[in-house]
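User: Please take a close look at a single part of this protein, the surroundings of one core residue, and then set that part in the context of the chain as a whole. A connected account would be preferred to a list.

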Amino acid sequence: MTDATDPTNASSASSPEATHATQAGTATLEREPVLSAKNLVAGYLPGVNILNGCDLDCYPGELIGIIGPNGAGKSTLLKALFGLVSIREGSVTLQGEDITNLKANKLVQAGVGFVPQTNNVFPSLSIEENLQMGLYLRPRKFAERLEVIYDLFPVLGQRKGQRAGSLSGGERQSMAMARALMMDPKVLLLDEPSAGLSPVRQDETFIRTRRINKAGVSIVMVEQNARRCLQICDRGYVLDQGKNAYSGTGKELADDPKVIELYLGTLAKDVDSAR
Ligand SMILES: Nc1ncnc2c1ncn2[C@@H]1O[C@H](COP(=O)(O)OP(=O)(O)OP(=O)(O)O)[C@@H](O)[C@H]1O
Ligand SMILES: [Mg+2]
């Protein structure tokens, strides 16, 4: 377990073990994070902060998981990173460039993709029209990106004329992710991609997310399904009351007794003791 606020905690997808050897001063940062948030304070209403100084680093090629209780501020963090909630203190950088409080359209241009938790497709448009909307900033690249996307999501290619509103929950999530990928983002922010899906469809979503990550897209994923999220992510952060509570590799967090007790549920133990 490591302190997420320690900037020497550089680990990468290629060497997740590196987090173990990151006591202050021992690690050298070979690469800069693709996305980095420092000490973010943000909220919706004047005088009410939802994020209370949280930090996040995503290194190139990493899949980062963010878990935490309902209302912890996970969606708010993604929205703040994507310019949808104003940041009151702290900073966000993309490959070292300051992007704090840039508007969403500028962030898309700069290489940040975002798939919100809900309302993430245009229901009255077809699949292909939805994908076109994802690339409105670079229409000339459409044919090229479409090929990449249909390769990653063959079902969308087979059904390109179908209205997005008639897709199943899982297909809709694929559609939303595909649309965000049309711009070939440097980092993709996903808010609960498995929400509302059956266990089998959830697994498919996690596998697809990992595949997209392996194809070279750095990903920051918020997940309600904490155990599965920790199984597939390189590193994770536990957010609680708008602050980082724990961080570490997915395995470190999944094995940490405190994290298990506080955030992963103790149902098995409770059921046993109730017998
Ligand atoms: N538009 C809004 N206006 C005011 N308060 C909001 C708004 N959206 C969220 N909040 C508040 O911010 C807090 C954090 O909400 P957020 O949606 O970030 O939590 P979360 O960790 O994503 O929760 P969940 O796991 O339920 O999705 C909550 O107390 C919520 O009521
Ligand atoms: Mg949320």
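Analyst: I219 counts as buried because 24 C-beta neighbours fall inside 10 Å, where 20 or more are required for that class. This is a reading of a predicted model. The residue belongs to strand β8, which spans residues 218-222. Setting aside residues up to four places away in sequence, I219 touches L63, I64, L188, L190, T209, I212 and N213. The C-alpha atom of I219 is separated by 8.4 Å from that of G65, although the two positions lie 154 residues apart along the chain.

I219 is also one of the residues that touch the most other members of the largest nonpolar core, together with I66, L189, V220 and M221. That core holds 68 residues. Its greatest contribution comes from helix α6 (residues 169-181), which supplies six residues.

Another of these core residues, I66, can be examined in the same manner. Neighbours within four places in sequence left aside, I66 is in contact with K74, L77, V220, M221, V222, G236, Y237 and L239. Two of these partners, K74 and L77, are buried residues of helix α1. This helix covers residues 74-81, and seven of its eight residues are buried. Besides K74 and L77, the buried positions of α1 are T76, L78, K79, A80 and L81. Just after the helix, G83 adopts a positive phi of about 75 degrees.

The residues around ligand 1 lead back to the helix. Y44, L45, I50, G68, N70, G71, A72, G73, K74, S75, T76 and Q224 surround this ligand. By class, the shell comprises four nonpolar residues, seven polar residues and one charged residue. K74 and T76 thus appear both in this shell and among the buried residues of α1.

G65, mentioned above in relation to I219, has a further distant partner in sequence. The C-alpha atoms of G250 and G65 are 7.8 Å apart, with a separation of 185 residues along the chain. G250 lies in helix α9 (residues 250-255) and is buried, since 21 other C-beta atoms are found within 10 Å. Apart from neighbours within four places in sequence, its contacts are G65, L230, Q231, I232, C233, D234, R235 and G236. G236 is also listed among the contacts of I66.

A further element is an open sheet of four strands, ordered β2-β1-β4-β5 and paired in antiparallel fashion. Its edge strands are β2 and β5 (97-98), each of which pairs on one side only. Strand β1 (residues 35-42) is joined by six bridges to the antiparallel strand β2 (residues 51-58). Within this pairing, A37 has L56 as its bridge partner in β2. Six bridges also join β1 to β4 (residues 87-94), again in antiparallel orientation. In β4, T93 stands opposite S36, and E89 stands opposite V41.

Two loop residues show a backbone feature of interest. N119 has a positive phi of about 45 degrees although it is not a glycine. N119 is situated in the loop between β6 (112-115) and α3 (127-134), and it is exposed because 8 other C-beta atoms lie within 10 Å, a number within the limit of 12 or fewer. D184, likewise a residue other than glycine, has a positive phi near 55 degrees. D184 is placed in the loop between α6 and β7 (187-191) and counts as partly exposed, because 16 C-beta neighbours fall inside 10 Å.

For the chain as a whole, the secondary structure comes to 11 helices and 10 strands. Buried residues make up 41% of the 275 residues. Of the contacts with a separation of 6 or more, 65% are between residues 24 or more positions apart; the contact between I66 and Y237 is one example of a pair brought together from separate parts of the sequence.

Confidence should be considered alongside these findings. The mean pLDDT of the protein chain is 87, and 85% of its residues reach 70 or more. Over residues 1-28, however, the pLDDT is below 50, and this stretch has 53 contacts in the model beyond near neighbours in sequence. Where pLDDT is low, the predicted coordinates should not be read in detail.

Definitions and conventions:
Residues numbered from 1 in each chain as written. Chains lettered and ligands numbered in written order. Predicted model: local features only at pLDDT ≥ 70, side-chain atom pairs only at ≥ 80, totals over all residues. Contact = placed C-beta atoms within 7 Å. Pairing = 2+ DSSP bridges. Near = placed C-beta within 6 Å. Nonpolar A, V, L, I, M, F, W, Y, C, P; charged D, E, K, R; others polar. pLDDT = per-residue confidence, 0-100. Core = buried A, V, L, I, M, F, W, Y, C linked by C-beta atoms within 7 Å.
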